[in-house]
Amino acid sequence: MARVLIACEESQAVCKAFRARGHEAYSCDLQPCSGGHPEWHIQGDALEALHAEDWNLLIAHPPCTYMSKAGARWMYPTAGSPSKERYRKAMEAKEFFMRFLDSDVPRIAVENPRPMKIVGLPEPSQTIQPYAFGDPYSKATHLWLRNLPPLMATLICSTHVPWVQSNTGAKARGGKSHPGIARSAKERSKTFPGIAQAMADQWGPLLEEES
């Protein structure tokens with residue numbers, strides 16, 4: 001039985017998918033879990049949990065607020081230099097992100113939306129969309145992988161709508177945008193069931209071969 005840490009997850013979507021395969025998986029977040037299994041949840045600092053135990057697989061969802069390309073208008077409130085305060089917060093978020101990616105866990109996946117170039121994150125291993133895994137929404141998500149294969153699409157939806165607001169630049173120019181389906185930060189950051197299942201089904205067997 002492999003030990004899996006899902007850092008910065010309160011929904012327990014990924015945690016439950018790995019538990020269903022028989023792995024000792026734990027979600028970890030500063031917030032209480034909303035997935036119905038507090039016995040599988042570590043409420044506290046994810047970095048402390050990371051270093052307190054030995055893990056076979058780390059899947060991390062570090063906060064993206066200050067790094068995401070969606071926040072570029074706040075990074076550059078006026079033409080020219082970036083906001084010093086916003087840049088400082090972005091660098092703090094990057095440091096947090098990199099501590100997961102650079103950890104000594106044998107297999108690692110770190111997830112985040114498309115970052116701004118100014119943040120300087122490494123190139124991602126792949127970009128995935130919920131609509132490639134059975135959920136009819138678009139929300140481009142990058143994965144940074146170590147000792148894990150890229151996720152393969154499982155069920156491609158022929159139609160889909162944006163999960164988060166899109167084409168805000170077009171709206172500012174008088175064009176069309178989509179308000180997105182998600183209405184809160186928690187909804188915007190959710191892991192879709194199809195992606196969580198793909199992680200467990202495609203990465204779980206690698207752990208099972210080693211146990």
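The following exercises work through salt bridges in a predicted model.

Residues are numbered from 1 along each chain as its sequence is written. Because the model is predicted, local features need pLDDT of at least 70 and side-chain atom pairs count only at pLDDT 80 or more, while totals for chains, interfaces and linings use all residues, and side-chain values use heavy atoms, with hydrogens and water left out.

**Exercise 1.** Determine which parts of the chain the salt bridge of E53 and R3 links, and whether each partner is buried or partly exposed.

*Solution.* A salt bridge is a side-chain nitrogen of Lys or Arg within 4 Å of a carboxyl oxygen of Asp or Glu, and the structure holds eight of them. E53 and R3 form one at 3.9 Å, N to O. R3 belongs to strand β1 (residues 3–7), whereas E53 sits in the loop between α2 (46–52) and β4 (57–60), 50 residues apart from R3; helices (H or I, at least four residues) and strands (E, at least two) are DSSP runs, numbered from the N terminus. With a relative accessible area of 43%, E53 is partly exposed, but R3, at 18%, is buried (buried is under 20%, exposed over 50%, partly exposed in between, with a 1.4 Å probe and protein chains only).

**Exercise 2.** Explain how R88 and E85 are placed in helix α4, and name the network they belong to.

*Solution.* Their side chains meet in a salt bridge of 2.5 Å, N to O. R88 and E85 are about one helical turn apart, because three residues separate their positions in helix α4 (residues 84–101). Salt bridges with shared partners then join E85, R88, K89 and E92 into one network.
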